[in-house]
Structure formats: C-alpha cells, structure tokens
Amino acid sequence: MPLDVTYAHTQSRDHAEAIRDIAAQLSDVSNLDTLLFFCDTDYDLDALGPLIKQTFPCPVVGCTSSGQIGPDGFENYGILAAGIRGGVLHAHPILIAPLSDLQAQTALAADTVQRESGICGGGSCFGLLLVDGLSAKEELLAAALYQMIGNIPLIGGSAGDNLKFERTYVYHDGRFLSDAAILALFVSSAPFVTFKLQHFVPSDVELVITSADPETRIIREIDGEPAAQAYAEAIGASLEDLGPSLFSTHPLLLTIAGEPYVRSIQKVNDDLSLTCYCAIDEGLVVSVGQAVDVMNALKEAFANAERAVPEPSLIIGCDCILRRIEFEQTARTSSVGQFMAEQKVFGFSTYGEQFNGQHVNQTFTGVAIGG
C-alpha cells in the first residue's frame, strides 16, 4: 500500500472534546501505523496526555509548539495531527530524560537506536528529535546523539509555548514532559531525503563576541561593549526597540566551513546582555544576517528535495518561530503557508531546529518521504 496520511485539526479548548474531534476526523484509529501531533500549551496537559494514549493504540510522537503547519498552512492554536497508514512508515519513540543527566541518557538512547536500527535494512531509517525548547541542551544533545547513532539522518525541532517562554513539553507514552527529549526513529520502506533551508546570508557588518557564557547561551559583550547596545548600534536601532520583530529580521550568522548558520537572539536581559536560542562561544566573529527572498529560497530547497524524492507524500517540517514572525511582519504568512501546504508539509513552529549534529535557528529542517 502507498503511504496514506490523514490530517485532523481542532481548536476546541476542552481536552476530551478535542481528542474526540481528532479521532473522528482520522476515522478508524485502530489501523494507524503512527500518529504525529503538535499542540499549544493552553490545554490541561496532565489530562490530555493519558487521553491520547487511551484513544490511539499506535506509536504517538508529538510536542507543544508555537503554532502548527498543515493542510491549511499556518495554524496558531489547538491540536494538529497526522495519522499515518499504509505500512510504509513506522515510528519507534525513544525517551531521553532527564536532560539534566544528558550524557548518560543520550548513551542509553543511542544503545536503543543501535538495537532498533537492525530492522532498518540498508539505511531506511531517519530520526525526528523533539526537545524541551527551554532546556538549553539542544547543542550538546544533537551533537552527542548524532555521533553515537552513526549515519542515521537526523532532523528535529525544539518544543514551544507560543512565545510565553514558561514551560515546553514533549509527549511520551501518555505524559507531557519537560527536561526531556524524544528521539522518534522512523523506519521507512519509501524513499526519503532530509534537508534544511534558511533565507539569510552574511552581511558586511561583522561583530566580535568578546564575552559570552555558552552554557547559558548568553552574550555579555560584543566588541567590548554591552551586547545589546553593540547589537542595536550595528543594526541602526535603539535599545528600546529591540524585541522579537527586530531579532527575526536581523539574526546573527556564524560561518562554519563556508556555510552560514543562524544564531538567533531570544531576548535582552536587564544587564544588557543577550540571551540566544543557540550557544555562541567567546572570541568568535559573527555577522548580521541579510535576508534574501524567502519564496525563492523555499522553492529552490523544496525543488532540490523533490529531485531526490519525486512527488513526496509527506514532508515533516520543523520551522523556526522567528521565521513565522518575519512572515507576519512582511505579510507573507498566507503565501508561505499556502506554499508549504501545497508541498504537503506537516510540522510546527519551533524554538530551534536540529539537523544531523547541529542545533540551528531561523531555519527549516525537514524530511521528504515518498509514497
């Protein structure tokens, strides 16, 4: 059978009604191979988790988000789900928790992957990594996990909470958990390809990180000045104007082996330091990002993916919330959302993205899966 994907969306705020609604839209849930879902944090998650497990007997993979992406483009609230059938794609969710004991828990997860990967048969596995988006552990987790699991392609996203920055959760076996990550090992009999895209290139404005704490993702000084002050001067803005809108259109870029990686800013702190979504080491030279046309970047990246996997039946995507904020500012939410819907993207707006061993920002990471 070909890969069969059925979508469901509800904005009901009652958790029981919401799950009944999702189940009804998915029809016979007894023959699902896998359920993927993303939801906001305004539900009673302690009640929602057990109900999900009770209602859906298949493996379930999901997390909280800052919005979802599906057949209608961008969604802001509710629960968006994708029911997968056809015997083509099967998920094996592996819990990594607590992240405060990262090294030991990652090693345990890698051991599980090595056992599970025996069924992959010639490289037919990829990993979807969903992480507590406020854990600040994504860099270490992605790097360690990718190294330990060998040549299994890895994409992922950090769970969100609609920019409240209070608690973010991943789902596992009937519970929503913080200080945790889920590695969903997908076994696919259909062809697939992982890819990433961004729409920023380095500008001529370069800055030196003169004081930083990578562990907390804080930049204290840039060019010897308080970080927020130096950043504001570099982009021609006032300190009072700094916020998600400017951060989304003026990210920092770090170039590694000739390829730019986005290091987005989350907030300004009281001491004029900057907290980022990704760690930046002291002594590095970064540039202020310069945007290129987002639709051209999207079309090029998706065309490249389709050349590898013609007419994909599903693209699982992790798309940075700062990209979405920029789309809203430039009145492109509808056009970008429509394009993604046409490409059969199912995913969520994230607090950070993972691609193989890298944690990145303001990026789309995805996997295109054939029929």
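These are my notebook entries on the cavities and pockets I looked up in this structure, which is a predicted model.

**Entry 1: closed cavities**

I started with the closed spaces and searched the whole structure. The search turned up two cavities of 30 Å³ or more.

**Entry 2: the largest cavity**

I took the largest cavity next, and its space comes to about 50 Å³. I wrote down its lining as I19, I22, L35, F37, I52, F56, I79 and A81. Helix 1 (15-26), strand 2 (34-39) and strand 6 (79-85) are the elements that give two or more residues to that lining. Then I sorted the lining residues by class. I got eight nonpolar, no polar and no charged.

**Entry 3: the second largest cavity**

I moved on to the second largest cavity, with a volume of about 40 Å³. Around this one I listed L163, F165, P244, F247, I265, Q266, Y277 and L322. The elements giving two or more residues here are helix 6 (244-249) and strand 19 (265-268). How do the residues split by class this time? I count seven as nonpolar, one as polar and none as charged.

**Entry 4: the largest pocket**

With the cavities done, I turned to the pockets. The largest pocket holds about 400 Å³ of space. It is lined by 20 residues, and I noted E139, L140, P214, A279 and D281 as the closest to its centre. Helix 4 (138-149), strand 17 (252-256) and strand 25 (358-360) each give two or more residues to the lining. Which element gives the most? That is helix 4, with three residues. For the classes of this lining I put down ten nonpolar, four polar and six charged.

**Entry 5: the second largest pocket**

My last stop was the second largest pocket, and its volume is about 260 Å³. I found 13 residues lining it, and those nearest its centre are K196, L197, Q198, A297 and A301. At least two lining residues come from each of strand 13 (192-197), strand 18 (259-263) and helix 7 (294-308). Helix 7 has the largest share, six residues. By class I have seven nonpolar, three polar and three charged in this lining.

**Entry 6: recap for the bench**

I flagged a few points to check on screen. The largest cavity has no polar and no charged residues in its lining, while the lining of the second largest cavity includes one polar residue. Charged residues do turn up in the pockets: six line the largest pocket, and three line the second largest. For finding the pockets by eye, I would look for helix 4 at the largest and helix 7 at the second largest.

Definitions and conventions: Residues are numbered from 1 along each chain as its sequence is written. This is a predicted model: local features need pLDDT of at least 70, side-chain atom pairs count only at pLDDT 80 or more; totals for chains, interfaces and linings use all residues. Side-chain values use heavy atoms; hydrogens and water are left out. On a 1 Å grid over the protein atoms alone, a cavity is a set of points where a 1.4 Å probe fits but cannot get out, and a pocket is an open set with protein on both sides within 12 Å along at least five of seven lines; lining residues have an atom within 4 Å of a point. Grid points are joined across faces, edges and corners, and a volume is the space filled by probe spheres set on the points. Helices (H or I, at least four residues) and strands (E, at least two) are DSSP runs, numbered from the N terminus. Ala, Val, Leu, Ile, Met, Phe, Trp, Tyr, Cys and Pro count as nonpolar, Asp, Glu, Lys and Arg as charged, and the others, Gly among them, as polar.
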